[in-house]
Each structure stands twice: as C-alpha cells, then as structure tokens.
Amino acid sequence: MGNAEKNKTGLLARFQLAWRTNPLFSTGVALIVMVVVQTLALTMNSSFASFGDWFQNWLFNWISLLRNNAAIGIIALGMTFVIISGGIDLSVGSVYVAVGAFTMMLLDTGANGWLKAMGLTGVPAILIALVLAMLFGGLLGEGNGLLISYGRMPPFIATLGAMQILRSVTQYCMKMQSPTLPETYKGIARLGIGGQQLMPILYWAVLAGAMYFISRQTTFGRYVFAIGSNERTTRLSGVNVRKVKRRVYALTGFLVAIAAIIQTSRIGSMDYASAGSGFEMDAIAAVIVGGTSMSGGRGSIVGTVFGTLIVAVMNNLLNLIGVDPYLSAAFKGAIIIGAVLLQRKDKA
Amino acid sequence: MTLEMRNIYKSFGANDVLKDISFSLKGGEVCALLGENGAGKSTLMNILGGVLPADAGSIVLDGQEVQFSTPAKSLDAGIAFIHQELNLVNDLAIFENMFIGREIKRKGGFLDAPAMIAQCRDVFGRMDVDLDPTVMVRDLDASYKQIVEIARALLMRASIIIMDEPTTSLTDPEIERVFDMMRTLQKQGVGIVFISHKLKEVLAVCTRYTVLRDGAMVAQGPVEGVTVDELATHMVGHQVRTESLRQERELGEEVLRAEHLSQDRFQDVSFSLRAGEVLGFTGLLGDGRSELFQAVFGSGGRYQGQLYWQGQPVQVHSTQQALALGIGYVPRDRKENGIIKDMDILENGSIVTWPRQARWGVIAWDKVREAFFQQAAGLKIKMDSEKDGIGSLSGGNQQKVVLAKWLNAGPKVLIFDNPTQGVDVGAKEDIYDTILELANQGVAVVVLSSEAQEVIRLCDRAVVLYHGRVQGELVGEEMTDQEIMRLATGGEMRERVENCG
C-alpha cells in the first residue's frame, strides 16, 4: 500500500477495492461504525458536566467492556486456530469450569485445600497452582487432540463428548466442596491503576500479540493454516499433521485455563453448573464475525479480536440504549449472520 | 437393434477431436472401442449417449435418423451409458438405486417398494444373477455394483449398453463375473460397446474391435484371429519416437531397494534404484504404481515387504520419516495433493523446508524467500509477486512451485507421480530438464507415468506394471511404445525372461 500507483486510483476506489477483497478491512470498518454509534449513545444518554467528565465515563465504560470480555477473547484466540485447522472445539466451556474447579481445590484455604494439605501456602502455592492449572487445561485439550488425530474422530463429536463429560464430572466432584481462594490469588486479576482492574485486559492483549506472532511467523502457525486448507497436501509435504492437530487443541486448552484463572481470581468463586456454558458458541461467534472461514484454511487473529470487540460493543450498546435483555441474543445472532454476509468476497 | 453413427465430426475450439468417424453395432455384438488417452473414444460415446452434441454427422437407429440432445433422450431410445465412475448411491438399497428418479408410486405419492423389488427380481432373473434387491449397495463388491448398473440399463429396456472401462477397479474373479454377464446379455441380443485399454480382456470377451487414434478411425474388424500385438500397434500407430532425452550417466551406489512390497493394489513388487538413475514406472490406469510409491513415501498405510535405504533395512510409515531419510514425492492430481489453495506462492513453494529454515519454530522468511527465488529462477516460474495466491498461476507454473518445494529439500530420491499432468508443452519440457538435471547431480529419480512417450524419453529403465504386478522391465532401447503397451495390457516379456520381481 501507499505507493504512487495505488495513490492515483483515489481514496474511494482504494476503499472499494479493500472492501471487496479484504475481509479484515470490512470487519474493521464494521467495528469502527459500531464504536461510533456506541460513543454517540453514551454521549446522548446522560448529560456531562465537562469533557473530562465525559472522557472519564467513556474510558471506564471501555475498561469494563474489555475486562468483561477478556476471558472470551482469550478463548476465541484458541478457537481461531482450531477453526483455521478445519476443526471445532465445543468443550471450551467445560474445560473452563474444570480448570476453575481444579485451581480452586488446589488453593482452597479451607481444610480440603490440596496444596495446603501438602504444607504449601502463600505465593509459592499460587505459582504452583498457576502452572498446574495451565498444564491441566493443556492436558484436557490434548485429550481432545488425541481423540481427533489418533482416534480419527470428527472434532465436533470428540469435543461434544468432552464437553458433557467434563462438566458433569466437575459438578459431581464439587458437590460437597465450597473452596475459598486466598486474597493474594485474587490480585492476579484485580491488580490495577486508580481502582480499575486492568490486568485481564493486559493478559488478553499480550496473548493476542503472541498468538498473532505464532500464526504468522512460526512453522506451527503456518502448518495450522496449511492443514485447514489442504490436509493431504500438507501431509505429503512431510508435515506431521497429527502432531500439529494435537497441539492446536492442547494450545486451546491452555488458553482456556488462563481464562479460567483470570475469572476465578476476579470473581473469587464459580458456579459449576453454569460457569462457562455457552462459551463455545460465544467464542465461535467471535471467530466467525472476525472473518475466519468455518471450512478452515482462512482467517486471522486480528479478525478474531475485532470479532470479539464487535459482539462486545454491540452488547454494551444495547445496554446503553436500554434494549430488553431478552432481545440481546437476537441481536447477536443478527450480527453473526450480517457479518458473514458482509464477508462474501469476490474471488481474489 | 442396429446402430450406425455416420461421419461424425467434433472439435473443441481449434482441437479436432473426432474426424469423420463412422461406427456401427448390431444386437448380439460386443464391440471393443480402443485407443490411447485422448484418442476420442469418450467423446464419441458421449455423443451417442446424448452428453455432447456432434458438430456434423448422423446417428441412425434401425434405419431411423435420431437426435440425442440429452442423456435422457438417448436412454429412452434404448442406449444406456455406464460411466467409469459408477452412478450408485451407497446408502440406498439396490432396488432404490435401480429406480432412482423413476420410482414406481402408488396413489398419493407413496413409494411402491414391493412392485419395484418384484421388477428388480425379474431383471436379475433374466440376467441369471442371484442378488437380493433389498441389499444395500454399500455392501456389494465392485463387480456387483457394475452388474447393478447393467441391470438398471436393462430395466430401462436398453438394447445397447456402453461400458466405459468397467474393469479398472475390479479384481480378476470380479472381472470374470462381469464378463459372464456380458456374454449372457450378448446371447439375448443386447449390443455392447466395451471401452478398454486392456487388450487381453478385449480378446476374451469381444466379437469386434474398432481402434481410434487422434480422432480418426484407424482399424476395425472381427476379434477372431487378432493378437494383442496387432491391436497395440494400431493404438500407438507408427509414431516416430520423438527425440530421446536419455543421457549416459555414471550411476552411483544403490540408494533404495524394495523387496516384495505388497498391499491391496500392488503385489510382490521389487526394484532397485541407484543414485543418478531415472527409473520409470508405467502401466494403465489403476495399475497400482501410485499406491506403490505412496507406500514407499510413507503416506499409503501399512504394507508388506521390506525397503532398504542405502543397504539398511527401513520401515517408512510416515511422510516425516520419508522426508528425514531423503525421499521426496511430487504427487499427481495437483489440486488435491499438490497445492494449498489458500496459501501464497512462496508458502506453497517452501512448506517442506520450513523446519530447516526456522529457529525455535520461528520461520526465517528471508532465508525461505531467498531459497525459493533460487529455485524459481532455475525452474523459470512465471509470477508477479511471490505473495500472490497460488491460484493466480497457470497449471504448469503451479506444478513448478510444487517441484520447487521439493528441490529445496535436497532429496536423494525424488518420486514424480504424473509430473506433467495438465501442464502445457513448454512447462513440460522445463520439468523434463529439471528431472534430468537432478539425475546429473546424482539424485535418484522415479517417474510414474501412463504416457509411454514420457517414460521412453526420460527414463534409463522402465518397469511396467499390470494389475499391481511387475509385468516386465525394459532397459534403454528396449523401451518402445509398442513394447510398453503390450506389457501394460498384460502381454508377456519377450525372450529375456529375467524379471526384477
């Protein structure tokens, strides 16, 4: 972009070209439009004493929006890889609740705390718990990956099974438990500036950056795209397709574990029956709205971040203008359908 | 019924596919329609089957001139075309398949299964086959599927049946079953057109033959008294051998040896390959050569037998293993196996070597680009930018990109499966040059091809397969169109009885 020849064609023509051929561009434009409408809604909704007052309101609204969507945003990063590789992961919500419960049991300050029973408390216990929780999430994802790559199961079925099993087993195991978390642990998410919790947003941003890098610059990331586009050719190019697929699901499990850590530390507790339910659909929606192809091979991490934000901004907007909460799912559905219609591009 | 096709012409663009072809068939005849790939057999039969219109000429059935604008009209007139890829739905029962699109219905639109089953039994009875119409098509072997297709033709009251290479996917006993069927029909006065490459089968089942070459009729007559050799010569013609590209080379040590490799589609194949050698594997469609070398490359599943790599026994069960040893494979069917359509030219041309040009899994794109450009220049790849999608290139250039990814890997053995499929003449010569250049550098090259000319021009040695077995091996001057065709159609090796199997 930006060279003399392209400048000649004029801004409008360039806009049209990008709109027609680049899915990321139209997603970005959609996001900007949403943000403008949201800002207008915020401004007209209440009267502000000064610009500073308005700005503070605007900023806090955004911080809470980003923070509330950090967990789903992180899970959607993993889901992006899964979908680009040609698969799907329905178990993320259940992995989330399983890892959450696992972490809380490790750190329980009550009589049943696993680490406490081994005489571990304080910061070392928390660090150990974090590592174990991430490993646990990765391991659960690895289980999906093994079923799919070595068990030759369709990803939809393998992860549908895992989804049911993990939630049910978690609920069963936690029936008699009510763990409480140490205060220090809550700092993981609650640390912040000026009373605002910024950490979840920071984790999301760092992970999005890392996943972007992996998707563009590493053999693993490029293999994920290659497999989604043509698995046979990729295998015939000497790539260990099964290993790559296993890693995709393990990576997703790992990211879900991070999301679970953030949420448990933020909220301090978890409802094992409902926490994380519907996460799989929210994550898939973010990925699809972000322009990643359901059939694999095409998509991007940036798109998914945009997609997560579009859904988030829309929810926020509905909230601001006071739309009945019963209708919010209808709008979400409309956004998904609308986004995919927008993304039908000319064949480049 | 008698059928006559008179003075048929057909061309696609500037390409004359059929030139003044006349063809006739009477009830009770089995006529073989022979010719190499591209000779015009399928086009002629597609005209008869109503799939394609003729540019000129007429079709006369029982003295009446007819016009078939659609396959349905041809079928209504009693001509059934059984395509090579069978048109059966695996998940439906036999009778449902036989009546698909023409179901018998009761009042109210409900299907009358008993009536359909009864009619099927009736047809099977006439054909003398013992098949239960309620069996799922999935559970039938390939020969019975073929027979169901024939039965469907009879159910439609076809009196002429065109069979396009019906035996390619069948085993010997299955072939015999289909042939018995054909003889039964023949006695009942059905006329059959049998398109095949397998001359031994033609002698076994046909009463007449017609040979097409380059869109012209070159020979016809009764099968009685004809030999496989004569038919092969008719098919190939007296084409002068285009200049050979074979060169004298110092051959190095043996790199790869296979002993008694067997799987479903190939049996007891042994061969030895030396550095700097160009070894051809040829045969007809479905001869098993592709499956054989997919197994060697580790992508074809389990096999029996033993591979030796530089004298050491090895088992190759994954493509990573093959790549680590130094075996490369340029696959056939570029679209399915060769290119990754959503990736750019550079990525398509370098995926094999990413791990080597990466540190801690991070790809050094500069190095990748540099290596690719080096190959692209050598291969004369015509492209705008390496960032363009692979789909923006012509078939020949796409194939060169696929080649580039393997050349960069520096393999010791490189297998080319149908390397010039769908590639224009210029690119074809570039690919040949590359293959010979590799051999000169001491790479052992295997070329799998069904084009006899390709094998003759390129290879030092050719192994001819027939039904998954080594039918013979030809060295240097022994490789001629006729000889390859003869062996590929099931003829025996002459004199030299030594066989590498």
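Which residue of E14(B) does B:Arg257 stand opposite? B:Arg257 faces B:Tyr308 in that strand. The model behind this report is predicted.

**An open sheet in chain B**

The pair belongs to a larger pattern. Strand E11 of chain B covers residues 254-263, and strand E14 of chain B covers residues 304-309. The two run antiparallel and are joined by 5 bridges. They are part of an open sheet of 4 strands in chain B, ordered E12-E11-E14-E15. Pairing in this sheet is antiparallel. At the edges stand strand E12 (266-274) and strand E15 (312-314) of chain B, each of which pairs on one side only. On average, neighbouring strands are turned by 20 degrees against each other, direction ignored. A helix packs on this sheet: H9 of chain B, residues 289-296. Helix H9 touches E11, E12 and E14 of chain B. Its direction makes about 120 degrees with that of E11(B).

**A covered strand, E7 of chain B**

Strand E7 of chain B spans residues 160-164. Is this strand mostly covered or mostly open? It is mostly covered, with 5 of its 5 residues buried. In a regular strand, side chains alternate between the two faces of the sheet. In E7(B), both faces are covered. One side carries B:Ile160, B:Ile162 and B:Asp164, and the other carries B:Ile161 and B:Met163. All of these are buried.

E7(B) has paired strands, listed here with one bridge partner each.

| Strand paired with E7(B) | Sense | Bridges | Example pair |
|---|---|---|---|
| E6(B), residues 79-82 | parallel | 4 bridges | B:Ala80 with B:Ile161 |
| E8(B), residues 191-195 | parallel | 5 bridges | B:Gly191 with B:Ile160 |

**Two helices in chain A**

Chain A offers a helix pair. Helix H11 (residues 219-229) and helix H13 (residues 241-267) of chain A pack at an angle of about 105 degrees. Their axes lie 10 Å apart. That angle makes H11(A) roughly perpendicular to H13(A), because angles of 65 to 115 degrees count as such. H11(A) contributes A:Phe220, A:Tyr223, A:Val224 and A:Ile227 to the contact. H13(A) contributes A:Val241, A:Val244, A:Lys245, A:Arg247 and A:Val248. By class, the contact residues are 7 nonpolar, no polar and 2 charged.

**Where chain A touches chain B**

How many residues of chain A are in contact with chain B? There are 20, and they touch 27 residues of chain B. H11 and helix H12 (231-236) of chain A each supply at least two residues of that side of chain A. The largest share comes from H11(A), with 6 residues. The side of chain A that touches chain B has 5 nonpolar, 11 polar and 4 charged residues. H11(A) thus appears in both settings: it packs with H13(A), and it supplies residues to the side that touches chain B.

**Two exposed residues of chain A**

A:Leu12 sits in helix H2 of chain A, residues 11-21. It counts as exposed because it has 8 C-beta neighbours inside 10 Å, and the cut-off for exposed is 12 or fewer. A:Leu12 and A:Gly307 are 295 residues apart in sequence, and their C-alpha atoms are 25 Å apart in space.

A:Ala329 lies in helix H16 of chain A, residues 328-342. Why does A:Ala329 count as exposed? It has 12 C-beta neighbours inside 10 Å, and therefore counts as exposed. A:Ala329 and A:Asn315 are 14 residues apart in sequence. From C-alpha to C-alpha, A:Ala329 and A:Asn315 are 9.0 Å apart in space.

Key:
Residues are numbered from 1 along each chain as its sequence is written. Chains are lettered from A and ligands numbered from 1 in the order in which they are written. This is a predicted model: local features need pLDDT of at least 70, side-chain atom pairs count only at pLDDT 80 or more; totals for chains, interfaces and linings use all residues. Two strands pair if DSSP finds at least two bridges between them. Axes are lines fitted to C-alpha atoms, for helices over the stretch in contact, and angles run from 0 to 180 degrees between N-to-C directions. Two residues are in contact if their C-beta atoms, placed from the backbone, lie within 7 Å. A residue is buried if 20 or more other C-beta atoms lie within 10 Å of its own, exposed if 12 or fewer, and partly exposed in between; C-beta atoms are placed from the backbone. Angles under 35 degrees count as roughly parallel, over 145 as roughly antiparallel, 65 to 115 as roughly perpendicular and the rest as oblique. Ala, Val, Leu, Ile, Met, Phe, Trp, Tyr, Cys and Pro count as nonpolar, Asp, Glu, Lys and Arg as charged, and the others, Gly among them, as polar.
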